[in-house]
Amino acid sequence: MSRIFTAVALCLIIPMGDSALADGSVSQTGLGGGGRFGPFDAIVSQYNASGERFRIDSHCQSACTRFLAIRNVCITPSADLAFHAGGHPQIRQSATDHMMAAYKPQLRRYLQAGHYMEAKAFHTISGRDMIAKFGYRACK
């Protein structure tokens, strides 16, 4: 009887372990359209603490780009990321700085040089360019 119990317990544990290791992604969160920083910062903290991979796999704009701060982030070439100045309804430098802190130095320089983080209009960069031009890892 104890062997049967052990076998059943192992069957139950193994699937749970596999699902715990599954990637997270923008499309799973439903947060691709941006919003207030709180939910994004919580997800960044969660994934940085766990070390799990997080995929930017679809449209990601505004506060969603905070996911670039996840240390094990990857981007699919078909994704697109849209950047703009932070703050709602008015531009606030502190909000813009919070977003910029999530980005690699090459991306920050590009956004600053183009003045893209000084206006509310979106500047979109393809996942392909995020990988090739700014050094982000491609999802496999």
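Which residue in β2 is the bridge partner of glycine 24? The bridge partner of glycine 24 is phenylalanine 54, and the sheet that holds this pair is described below.

## Basis of the model

The structure is a predicted model, in which local features need pLDDT of at least 70 and side-chain atom pairs count only at pLDDT 80 or more, while totals for chains, interfaces and linings use all residues. Residues are numbered from 1 along each chain as its sequence is written, and side-chain values use heavy atoms, with hydrogens and water left out.

## The sheet

Helices (H or I, at least four residues) and strands (E, at least two) are taken as DSSP runs and numbered from the N terminus. Three of these strands, in the order β1-β2-β4, make up an open sheet with parallel pairing, where two strands are said to pair if DSSP finds at least two bridges between them. Strands of a sheet pair through backbone hydrogen bonds, either parallel or antiparallel.

The edge strands of this sheet are β1 (24-25) and β4, each of which pairs on one side only. Strand β1 is joined to strand β2 (residues 54-56) by 2 bridges, and the two run parallel.

## Two disulfides

A disulfide is here a pair of cysteine sulfur atoms within 2.5 Å, and by this rule the count comes to 2 disulfides. When the bonded cysteines of the chain are numbered in sequence order, the pairing is 1-2, 3-4. One disulfide is formed by cysteine 60 and cysteine 64, whose sulfur atoms lie 2.1 Å apart, and this link is left-handed, with -115° about the S-S bond. Cysteine 60 counts as buried because its relative accessibility is 0%, given that buried means under 20% relative accessible area, exposed over 50%, and partly exposed in between (1.4 Å probe, protein chains only). Cysteine 64 likewise counts as buried, at 0% relative accessibility.

Cysteine 74 and cysteine 139 form a disulfide with their sulfur atoms 2.1 Å apart, and with 95° about the S-S bond this link is right-handed. The pair links distant parts of the chain, 65 residues apart, since cysteine 74 belongs to strand β4 (residues 73-75) and cysteine 139 to the segment after α6 (127-134). Both cysteine 74 and cysteine 139 are buried.

## Helix α4 and its neighbours

Within helix α4 (residues 93-100), the residues Ala95, Thr96, Met99 and Met100 are buried. Seen down the axis of α4, its buried residues fall within an arc of 135°, so they line one face of the helix; the arc is that of the directions from the helix axis to the C-beta atoms. These buried residues of α4 pack against α3 (37-50) and α5 (105-113), with contact taken to mean heavy atoms within 4.5 Å.

## Backbone features in the loops

In the loop between β5 (80-83) and α4 lies proline 89, and the peptide bond that leads to proline 89 from histidine 88 is cis, with omega near 5°.

Serine 62, which is not a glycine, nevertheless has a positive phi of about 60°. This serine 62 is found in the loop between β3 (59-61) and β4, where serine 62 is buried, with a relative accessible area of 12%. Histidine 115, also a residue other than glycine, has a positive phi near 60° and has its place in the loop between α5 and β6 (123-126). At 46% relative accessibility, histidine 115 counts as partly exposed.
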